[in-house]
Amino acid sequence: MRIEGAAVAGIGMVRFDRYPDRSGAHLARDAGLLALRDAGITLAEVDEAFVGYIQPAAMIGIKAMKELGLTGLPVTHIENASATGLVAFREAAWAVASGRAEVAMAIAFDKMTDMARNAPSRGTGRDQLDSTILPAAYFALWAQRRMHDHGTRPEHFAAIAAKNWNHGALNPLSHRRPDHTVTVEEVLASQLVAEPLTAMMACPADDGAACAIVASTDWVRRHQPDRRVVRPVASALQSEAYSPGHTFLGPVVGPATMTRTTALQAYEEAGLGPDDMDLALCHDAFANEELEYYELLGFCGEGEGERLLDAGDTALGGRIPFNTDGGLIARGHPGGPTGLAMVHEVVTQLRGEAGDRQVHGARRGLAHLVGGGSVCTVNLFETD
Amino acid sequence: MARVAIEEGYFTVPDDPAEAPRLLGSRCGACGEHFFPRRQVCARCLHDGCDDVELGPTGRLWTWTYVHVPLFAKKNAKVSAYGVGQVDLPEGPRVQALLVGGPDDFEIGMEMVLDLETLRTDDDGNDVVIMRFSPHRAAGAHEGGERP
Ligand SMILES: [Zn+2]
């Protein structure tokens with residue numbers, strides 16, 4: 001169903017980085033205050049909040065919300081792995097579109113650096129059958145199969161990584177802001193993690209928080225008459241659909257078709273297609289993913305992603321720039337907040353406030369995330 | 001000295017170390033679809049009632065990688081780099097697991113066979129084993145040759 005009558009009233013984020021001396025709750029508070037200020041309100045005007053995080057702790061979301069105030073508003077926790085932030089946004093958008101709330105907040109925070117330090121039982125340290133395999137490995141499995149099927153070379157993956165590092169250099173809110181132009185050779189020469197993926201083809205582990213405030217379109221036009229109104233028009237969320245050969249055990253990428261069917265649903269709900277998009281943000285935790293999503297999100301046919309990349313179509317200045325803020329690879333990927341950083345970038349671009357990385361005349365944008373190999377969400381935004 | 005699985009419920013540990021282990025899977029009583037690991041409700045037709053079966057031990061390599069990071073973060077195995085792959089079983093499921101060998105040993109489409117690797121010895125003196133797939137050398141040497 002198309003989302004009607006909701007618009008983004010405010011955005012805010014704490015630049016993703018390592019923050020050993022700041023708690024997750026304080027990072028959330030700071031992102032929340034930025035978004036409230038951007039909307040021109042306080043928490044008193046917020047009717048409902050959705051708090052996202054993937055840290056394995058109970059009720060830390062409601063505790064973080066108290067840093068912004070205690071107004072009695074309903075607070076719901078959201079956890080959908082890497083897709084968490086966009087799913088929190090989806091709930092806020094629908095809370096407004098349904099008429100239940102006039103103003104709703106989506107906020108997320110995480111400290112990946114804490115999770116790495118405090119939970120040695122996670123990931124490769126866990127003494128279980130399905131814990132032997134690093135994220136880099138299961139994304140590398142996908143990359144190897146693509147090289148086999150389509151003749152893709154590590155240089156293609158490196159070119160995507162270099163592009164996103166260089167996009168990050170133009171974004172003051174990017175974790176990685178290289179002081180030189182990152183080259184394909186530099187990416188290929190970095191530490192080999194899981195063949196063919198190198199360290200510079202992967203997102204960093206970092207901390208951060210981000211927030212978006214959604215309000216009714218009427219409210220936004222009334223309160224922000226001088227600003228271009230950015231509206232979410234579709235938000236599709238799907239989990240895995242079974243097909244023969246499904247891999248159940250172990251951390252996996254999940255079926256690639258999940259991104260295709262989720263994107264189709266979003267386009268259909270909005271009455272739009274890939275040709276209508278001016279920019280796209282996708283889950284590029286590893287560079288090979290972005291190449292796959294060119295095709296799965298419908299921007300080119302199967303096996304044509306390399307040509308789209310080689311033509312420069314997915315870089316700033318190209319036909320459909322991908323990950324204009326640096327993507328997960330440069331802007332960062334703390335977990336929960338990642339999706340709300342994407343909302344931050346799409347809204348900044350559609351408002352025409354993206355500075356050196358502005359996509360000229362951008363009117364529509366797409367934000368895509370997958371989570372835990374088990375869910376996918378595709379969100380479409382437009383401005384007048 | 002006995003051998004024990006690193007985690008129960010995924011593979012057999014034969015008394016005879018020369019015997020290949022098998023995967024503990026399920027077969028739907030209604031539509032016949034196979035699954036690994038075991039499950040009660042069929043993921044294909046939603047029938048409540050899958051039967052326990054043993055799967056493998058052979059399959060074909062769908063994809064592979066070689067990881068240049070210590071296995072289990074060095075916690076309990078002296079393995080500084082290792083292979084990972086996805087293997088298509090003849091019964092249907094695609095299984096992700098460790099691989100035996102170096103990066104030059106793997107080729108997509110090759111036949112693989114399941115075996116067990118000892119990771120360490122536990123406090124009771126048992127060998128703790130994990131499942132993994134290795135290139136099926138017998139099949140490679142004699143194309144279409146004997147299978148276990
Ligand atoms: Zn069935």
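**Figure 1. Cis peptide bonds in loops of chain B.** B:Pro57 is found in the loop between β4 and β5 (58-67) of chain B. In this predicted model, a cis peptide bond links B:Pro57 to B:Gly56, with omega at about 10°. A second cis peptide bond joins B:Phe36 and B:Pro37, where omega is about -5°. B:Pro37 belongs to the loop between β3 (34-35) and β4 (50-55) of chain B.

**Figure 2. The zinc site of chain B.** Four cysteine sulfur atoms, B:Cys28 (SG), B:Cys31 (SG), B:Cys42 (SG) and B:Cys45 (SG), coordinate the zinc ion at 2.3 Å. Along the chain, these donors follow the spacing C-x2-C-x10-C-x2-C. The arrangement is tetrahedral because the four donor atoms subtend angles of 105 to 117° around the zinc ion.

**Figure 3. A four-stranded open sheet in chain A.** The strands of this sheet are arranged in the order β8-β11-β10-β9 (chain A), and their pairing is mixed. The edges are occupied by β8 (230-239) and β9 (279-281) of chain A; each has a single partner strand, so one side of each is left without a neighbour in the sheet. From one strand to the next, the twist averages 15°. Within the sheet, β10 (residues 364-371) and β11 (residues 375-383) of chain A pair in the antiparallel sense over eight bridges. A:Arg364 stands opposite A:Glu382 in β11(A).

**Figure 4. Helices lying across the sheet of chain A.** Helix α3 (residues 84-97) of chain A lies across β8, β10 and β11 of chain A and runs at about 120° to β8(A). Helix α9 (residues 257-270) of chain A also lies across β8, β10 and β11 of chain A, in this case at about 145° to β8(A).

**Figure 5. Packing of α3(A) against α13(A).** Helix α13 (residues 338-351) of chain A packs with α3(A) at an angle of about 65°, and the two axes are 5 Å apart. The two helices, α3(A) and α13(A), are therefore roughly perpendicular to each other. On the α3(A) side, the contact is made by A:Gly85, A:Leu86 and A:Phe89, while α13(A) contributes A:Gly339, A:Leu340, A:Met342 and A:Val343. By class, this contact comprises five nonpolar, two polar and no charged residues.

**Figure 6. Positive phi values in loops of chain A.** A:Ala81, a residue other than glycine, has a positive phi near 50°. A:Ala81 lies in the loop between β3 (75-78) and α3 of chain A. For A:Asn323, likewise not a glycine, phi is positive and near 55°. The loop between α11 (305-310) and α12 (327-330) of chain A holds A:Asn323.

Note on methods: Residues are numbered from 1 along each chain as its sequence is written. Chains are lettered from A and ligands numbered from 1 in the order in which they are written. This is a predicted model: local features need pLDDT of at least 70, side-chain atom pairs count only at pLDDT 80 or more; totals for chains, interfaces and linings use all residues. Side-chain values use heavy atoms; hydrogens and water are left out. Two strands pair if DSSP finds at least two bridges between them. Axes are lines fitted to C-alpha atoms, for helices over the stretch in contact, and angles run from 0 to 180 degrees between N-to-C directions. Contact means heavy atoms within 4.5 Å. Angles under 35 degrees count as roughly parallel, over 145 as roughly antiparallel, 65 to 115 as roughly perpendicular and the rest as oblique. Ala, Val, Leu, Ile, Met, Phe, Trp, Tyr, Cys and Pro count as nonpolar, Asp, Glu, Lys and Arg as charged, and the others, Gly among them, as polar. Donors are N, O and S atoms within 2.8 Å of the metal (3.2 Å for Na, K and Ca); water is not among the atoms, so sites may look incomplete. Four donors count as tetrahedral if all angles lie between 85 and 135 degrees; four count as square planar and six as octahedral if opposite donors are over 155 degrees apart and all others between 65 and 115; anything else is irregular.
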